[in-house]
Amino acid sequence: RAVLAVGSPAPGLLKVAVDRFSRINPEYRRRIARHEAGHFLVGYVMGVPVGSYDLGIDSSHVNFLEAKLERKIFQGEKLSQEEVLPLAVISMSGVAAEAVEFDEVMGQTADLYDLQRILNRVNPKLSDAQQQQTTRWAVWYAASILKTHRGAWDALTEKMQEGAPVIECLKAIENAPKVEVN
């Protein structure tokens, strides 16, 4: 049975139903945790400090503490290609996490939106083909980081699902066993 929510007189009720379904669906919660842990870990590996994270259904995200780049992004300043590449990798790391872990990627919309916002700020402007190439490279590179640091990614996901503070998540990454990549 399907429910059509377009034009619903009570959209809040639909959100409550989706949230309740998600709470009882551990696989969906795990998908969100793996996705956000991908952002967290890749940012950490690339040297961008993590400020906070949230695994809420409608609010899942990781906040990074890179003030210099944040000012450029949010104030509309231009970015060099060198500045864009690590940001692209971090942006696409949630997509890469889902691709590595699951058969299909479901949480790509916000990641692609963030990446496009970043790519729009590159000076000199990238062609469509260059943007596509950057996107593919970023997903590949993020996936390679996640595979290389699989033990840390697993430990981090567990801590994030527990709602641990950022410092505990960082300890989990640092103390994780090293896993060989096949």
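## Buried or not

A residue is called buried when its relative accessible area is under 20%, exposed when that area is over 50%, and partly exposed in between (1.4 Å probe, protein chains only). Ile118 is buried, because its relative accessible area is 6%. Ile118 sits in helix α5, residues 108–119. Here helices (H or I, at least four residues) and strands (E, at least two) are DSSP runs, numbered from the N terminus. Val84 is 34 residues from Ile118 in sequence, with 6.9 Å between the two C-alpha atoms.

## The model

This is a predicted model: local features need pLDDT of at least 70, side-chain atom pairs count only at pLDDT 80 or more, and totals for chains, interfaces and linings use all residues. Residues are numbered from 1 along each chain as its sequence is written, and side-chain values use heavy atoms, with hydrogens and water left out.

## The chain as a whole

The protein chain has eight helices and two strands. Along the sequence they come in the order α-α-β-β-α-α-α-α-α-α. The chain holds 182 residues, and 37% of them are buried.

A contact means heavy atoms within 4.5 Å. Take the contacts between residues at least 6 apart in sequence: 67% of these join residues at least 24 apart.

## The hairpin

Strand β1 covers residues 50–54, and it pairs with β2 in the antiparallel sense over four bridges. Two strands pair if DSSP finds at least two bridges between them. β1 and β2 form a hairpin, with six residues between them. Tyr53 stands opposite Val62 in β2.

In a regular strand, side chains alternate between the two faces of the sheet. Strand β2, residues 61–64, shows such alternation. Val62 and Phe64 point to one face and are buried. His61 and Asn63 point to the other face and are not buried.

## Where α2 meets α7

Helices α2 and α7 pack at an angle of about 120 degrees, and their axes are 9 Å apart. Axes are lines fitted to C-alpha atoms, for helices over the stretch in contact, and angles run from 0 to 180 degrees between N-to-C directions. Angles under 35 degrees count as roughly parallel, over 145 as roughly antiparallel, 65 to 115 as roughly perpendicular and the rest as oblique. α2 and α7 are therefore oblique to each other. Their crossing is right-handed. A crossing is right-handed if the near helix is turned clockwise from the far one by less than a right angle, and left-handed if anticlockwise.

Many residues make the contact between these helices. On α2 they include Arg30, Ala33, Arg34 and Ala37. On α7 they include Arg150, Trp153, Asp154 and Thr157. Thr157 lies in helix α7 and is buried, at a relative accessible area of 2%. Leaving out residues up to four places away in sequence, Thr157 touches Arg30, Ala33, Arg34 and Ala37.

## A salt-bridge network

The structure holds eight salt bridges. A salt bridge is a side-chain nitrogen of Lys or Arg within 4 Å of a carboxyl oxygen of Asp or Glu. One of them joins Arg30 and Glu101, at 2.5 Å from N to O. Arg30 lies in helix α2 (residues 26–45) and Glu101 in helix α4 (residues 81–101), so this pair ties together parts 71 residues apart in sequence. Both ends are partly exposed: Arg30 at 28% relative accessibility, and Glu101 at 21%.

Glu101 also bridges to Arg34, with the closest N and O atoms 3.1 Å apart. This pair links α4 to α2 across 67 residues. Arg34 is buried, at 1% relative accessibility.

Another bridge joins Arg150 and Glu101, with the closest N and O atoms 2.8 Å apart. Arg150 is in helix α7 (residues 150–162) and Glu101 in helix α4, 49 residues apart. Arg150 is partly exposed, at a relative accessible area of 25%. Through shared partners, salt bridges join Arg30, Arg34, Glu101, Arg150 and Asp154 into one network.
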